[in-house]
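Open the structure in your viewer and keep the selection tool at hand. We will go from the whole chain to single residues, one stop at a time.

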Amino acid sequence: QVRLVESGGDLVQPGGSLRLSCAASGFTLSVYAVAWFRQAPGKEREGLACMSSDGGSTFYVDSVRGRFTISRDNAKNTVYLQMNSLKPEDTAVYYCASVNVWCSSSANSYRHWGQGTQVTVSS
């Protein structure tokens, strides 16, 4: 069974930090580009970050650049999103995704999706 499973979402205060994890099973994540998306109520799903399959290239959307960092551990078949300096505007369901070609900002390019994990930033 091919799966991506996100974890680590929580309620945090503004300015806080959180690390999300995305564990892959049923396929080898190392041969895929991996990405993080988020979706807030009433908004479109938004691409945040992507890393190429070899780890050599990363991409970030302007709103998270400098605050969020995508990484991967191929030995654990897991991708991470480190989130620092969190803002209330970051509140959303966060999803990981993978694609067997190159990184894309378009959600419909991705082959595998996780179920999402809720991040709430509030005082």
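The tour below starts with the overall fold and then moves to the core and some single residues.

**Stop 1: the whole chain**

Keep in mind that this is a predicted model. Show the chain as a cartoon. How many helices and strands does the protein chain have? It has zero helices and eleven strands. Trace the elements from the N terminus and you meet β-β-β-β-β-β-β-β-β-β-β. The radius of gyration is 13 Å, close to the 14 Å that the globule rule gives for 123 residues, so the chain is as compact as a globular protein of that length.

Now turn the model around. The C-alpha atoms fill a box of roughly 40 × 25 × 25 Å along the principal axes. Of the 123 residues, 42% count as buried. Switch on the surface. The accessible surface comes to about 6300 Å². Carbon and sulfur atoms own 46% of that surface.

Colour by charge next. There are 11 positive and 9 negative charges, and their mean positions are 4 Å apart.

Contacts also link distant parts of the sequence. Take the contacts between residues at least 6 apart in sequence: 57% of them join residues at least 24 apart.

**Stop 2: the largest nonpolar core**

Hide the surface. Select Ile 70, Leu 81, Met 83 and Tyr 94. In the largest nonpolar core, which has 28 residues, these four touch the most other members. Which strands each supply at least two residues of this core? They are β3 (18-25), β4 (33-39), β5 (46-51), β7 (68-73), β8 (78-83), β9 (92-99) and β11 (117-121). The biggest share comes from β3, with four residues.

Zoom in on Ile 70. Beyond its neighbours within four places in sequence, Ile 70 is in contact with a list of residues that includes Val 34, Trp 36, Cys 50, Tyr 60 and Leu 81. Then select Ala 33, Phe 37, Ala 97 and Val 99. They are among the eight residues of a second, separate core.

**Stop 3: Leu 81**

Go back to Leu 81, in strand β8. Is Leu 81 buried or exposed? Its relative accessibility is 0%, so Leu 81 counts as buried. Add Leu 18 to the selection. The two are 63 residues apart along the chain, yet their C-alpha atoms are separated by 8.3 Å. Leu 18 is also one of the residues that Leu 81 touches, along with others including Trp 36, Phe 68, Ile 70 and Tyr 94.

**Stop 4: Cys 22**

Move to strand β3 and pick Cys 22. Cys 22 is buried, with a relative accessible area of 0%. Among the residues it touches are Leu 4, Trp 36, Asn 77, Val 79 and Cys 96. Now draw a distance from Cys 22 to Thr 117. They are 95 residues apart in sequence and 9.7 Å apart in space, C-alpha to C-alpha.

**Stop 5: two positive phi angles**

Asn 77 came up among the contacts of Cys 22. Select Asn 77 in the loop between β7 and β8. It is not a glycine, but its phi is positive, about 55°. Asn 77 is buried, with a relative accessible area of 16%.

Step on to the loop between β8 and β9, where Ser 85 is found. Ser 85 is another residue other than glycine with a positive phi, near 50°. With a relative accessible area of 41%, Ser 85 is partly exposed.

**Stop 6: Arg 67**

Ser 85 leads to Arg 67, which touches it. Where is Arg 67 found? It is in the loop between β6 (58-60) and β7. Arg 67 is buried, at a relative accessible area of 13%. Show its other contacts too, among them Gln 82, Met 83, Lys 87 and Asp 90.

**Stop 7: Glu 44**

End in the loop between β4 and β5, at Glu 44. Is Glu 44 buried or exposed? Its relative accessibility is 70%, so Glu 44 counts as exposed. Leaving aside neighbours within four places in sequence, Glu 44 is in contact with Arg 38 and Gln 39. Last, select Ala 107. Glu 44 and Ala 107 are 63 residues apart in sequence and 9.9 Å apart in space, C-alpha to C-alpha.

Definitions and conventions:
Residues numbered from 1 in each chain as written. Predicted model: local features only at pLDDT ≥ 70, side-chain atom pairs only at ≥ 80, totals over all residues. Heavy atoms only, no water. Core = buried A, V, L, I, M, F, W, Y, C linked by side-chain atoms within 4.5 Å. Buried < 20%, exposed > 50% of the residue type's maximum accessible area, 1.4 Å probe, protein only. Contact = heavy atoms within 4.5 Å. Rg over C-alpha atoms; globule rule 2.2 N^0.38 Å. Areas by Shrake-Rupley, 256 points an atom, 1.4 Å probe, with all protein chains shown as cover. Lys, Arg positive; Asp, Glu negative; His and termini not counted. Charge placed at Lys NZ, Arg CZ, Asp CG, Glu CD.
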